[in-house]
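Got the viewer open? Here is a short tour of what to select and what you will find there.

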Amino acid sequence: MAIIASSIRSVTRRLFSSTESLNKLLTPINIDELKWYSESDIPPEIPLIDLQSMSQQEKNSSFKQAFETARCVYIKNHLISNKVSEDLVNITRKLLNQSEEVKSKIVHPYKGIMRGYKGYGKEKSAQVFDHAKTNEADSHVSFCWGPADNVYPDLTFQKLWQRYYKKSLKISKEIAELAIKNAGIEDVIDWNNLKAGDHLLKLQEYVALGDKPHQPQRLGPHVDFDFLTIINQLPAENGYIGLQVSMNEKIINLPAVKGTIVILFGEAMQSISKGKVKGPIHNVISPQENKYEGSSRTSILFFLQPHPKTKVSRTEGSHLSEYYGEKETIRYGDFHSRLLGEFYKD
Ligand SMILES: O=C(O)CCC(=O)C(=O)O
Ligand SMILES: [Fe+2]
């Protein structure tokens, strides 16, 4: 075990010690020039919700369908414009292209907090879910932003991250309220609780450095910890689709479709809805060896969290049961800290 772990560390050290190769892959983007999938590529099991032109009734029935099937939806005509995404990606890539010494200044001093720059292989989504997977670190470099305690290089950077964060929160309100109504949980949670959560905005760059994938998954199967997650993904240059969701043992690919975001529900939603809305298992698979070149991929995630004092408890079929502890209920903030302890464990 120890030998495998240290050899993975040395491969990643070698790959990422050269900022030159990163610079070639993390170039500025122009959204209109990326190789997007189209709406007709959205899997038939997954509803596409048009926030502008659908009636309330149509939106409601799409959510009901989602709760019964893959527990995720595509959304279009949302508030995040191409310009807002492009600006966030470009300013962050500029930072990620700097030397490790420069980036070390925007590493948060406390390791267990999701803020600032995290280098390659620092997080272990699969390990939280399945302890046997101790060597599978997530194959990305990332930057994280929250409502407080942020570390950032300059004011322009701060402005663009704050702008994206505020827009994500605004979209979350409409989506969370639809989800709450259609799950019939208005008596247990509302927007006032959710808006005050310790949310997280995160940009992940899965960079195809070297000549082949280093493990079968770029991010192993897991369930998100939060109430809901908004995923804004950019397509890879060579058509590789990384994001997958499991539905009754079936694996469904979720392509990057221009103008859309994907919503997934998390463990907190599962707990608060008493198991009615299950958090779907999802993962980012590694490309096959012949699809490796051109498979770099970016995702921007917004994790909407309940207020830390919200009481949560385990439900039947939860994949994160062991983190609830002995008592009947636990505060979400404490539950989340336990999960992060495993997520950042070496
Ligand atoms: O990269 C993605 O699209 C998904 C990432 C993800 O599931 C996560 O970070 O929890
Ligand atoms: Fe996830």
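Before we start clicking, one bit of bookkeeping on residue classes: Ala, Val, Leu, Ile, Met, Phe, Trp, Tyr, Cys and Pro count as nonpolar, Asp, Glu, Lys and Arg as charged, and the others, Gly among them, as polar. Also keep in mind that this is a predicted model.

**Stop one: the ligand.** Select ligand 1 and show what surrounds it. There are 13 residues around ligand 1, and those that come nearest are Tyr-206, His-222, His-282, Arg-297 and Ser-299. Colour the shell by class and you should get seven nonpolar, four polar and two charged residues.

**Stop two: the polar contacts.** Now put distance labels on three side chains. From Arg-297, a polar side-chain atom sits 2.7 Å from an oxygen atom of ligand 1. Do the same for Ser-299, where the label should read 2.8 Å, again from a polar side-chain atom to an oxygen atom of ligand 1. Finish with His-222, which places a polar side-chain atom 3.0 Å from a ligand 1 oxygen atom. How much of ligand 1 does the protein bury? Of the 300 Å² that ligand 1 exposes when taken alone, 97% is buried by the protein.

**Stop three: the strands.** Switch to cartoon and pick out β5 (200-206), β6 (217-222), β11 (282-285) and β12 (297-304); each of them supplies at least two residues of the shell around ligand 1. Which one gives the most? That is β12, with four residues.

**Stop four: the cavities.** Hide the ligand for a moment and turn to empty space. Searching the whole structure turns up three cavities of 30 Å³ or more. The largest holds about 360 Å³ of space. Its lining has 30 residues, and Ser-125, His-222, Asp-224, His-282 and Phe-303 are the closest to its centre. To see the elements giving two or more residues to this lining, select α6 (125-129), β5, β6, β11, β12 and α10 (332-343). By class, the lining of the largest cavity splits into 15 nonpolar, nine polar and six charged residues. Bring the ligand back: the space taken by ligand 1 is this largest cavity.

**Last stop: the second largest cavity.** This one has about 80 Å³ of space. Select Tyr-120, Ser-139, Val-207, Pro-213, His-214, Gln-215, Arg-218, Ser-286 and Tyr-292 to show its lining. Colour by class once more, and the lining of the second largest cavity comes out as four nonpolar, four polar and one charged.

Definitions and conventions: Residues numbered from 1 in each chain as written. Chains lettered and ligands numbered in written order. Predicted model: local features only at pLDDT ≥ 70, side-chain atom pairs only at ≥ 80, totals over all residues. Heavy atoms only, no water. Near = heavy atom within 4 Å. Polar contact = N/O pair within 3.5 Å; in protein donor to acceptor, adjacent residues only side chain to side chain. Areas by Shrake-Rupley, 256 points an atom, 1.4 Å probe, with all protein chains shown as cover. 1 Å grid on protein atoms, 1.4 Å probe; cavity = no way out; pocket = protein on both sides within 12 Å on 5 of 7 lines; lining within 4 Å. Sits in = over half its atoms within 2 Å of the grid points. Points joined across faces, edges and corners; volume = space filled by probe spheres on them.
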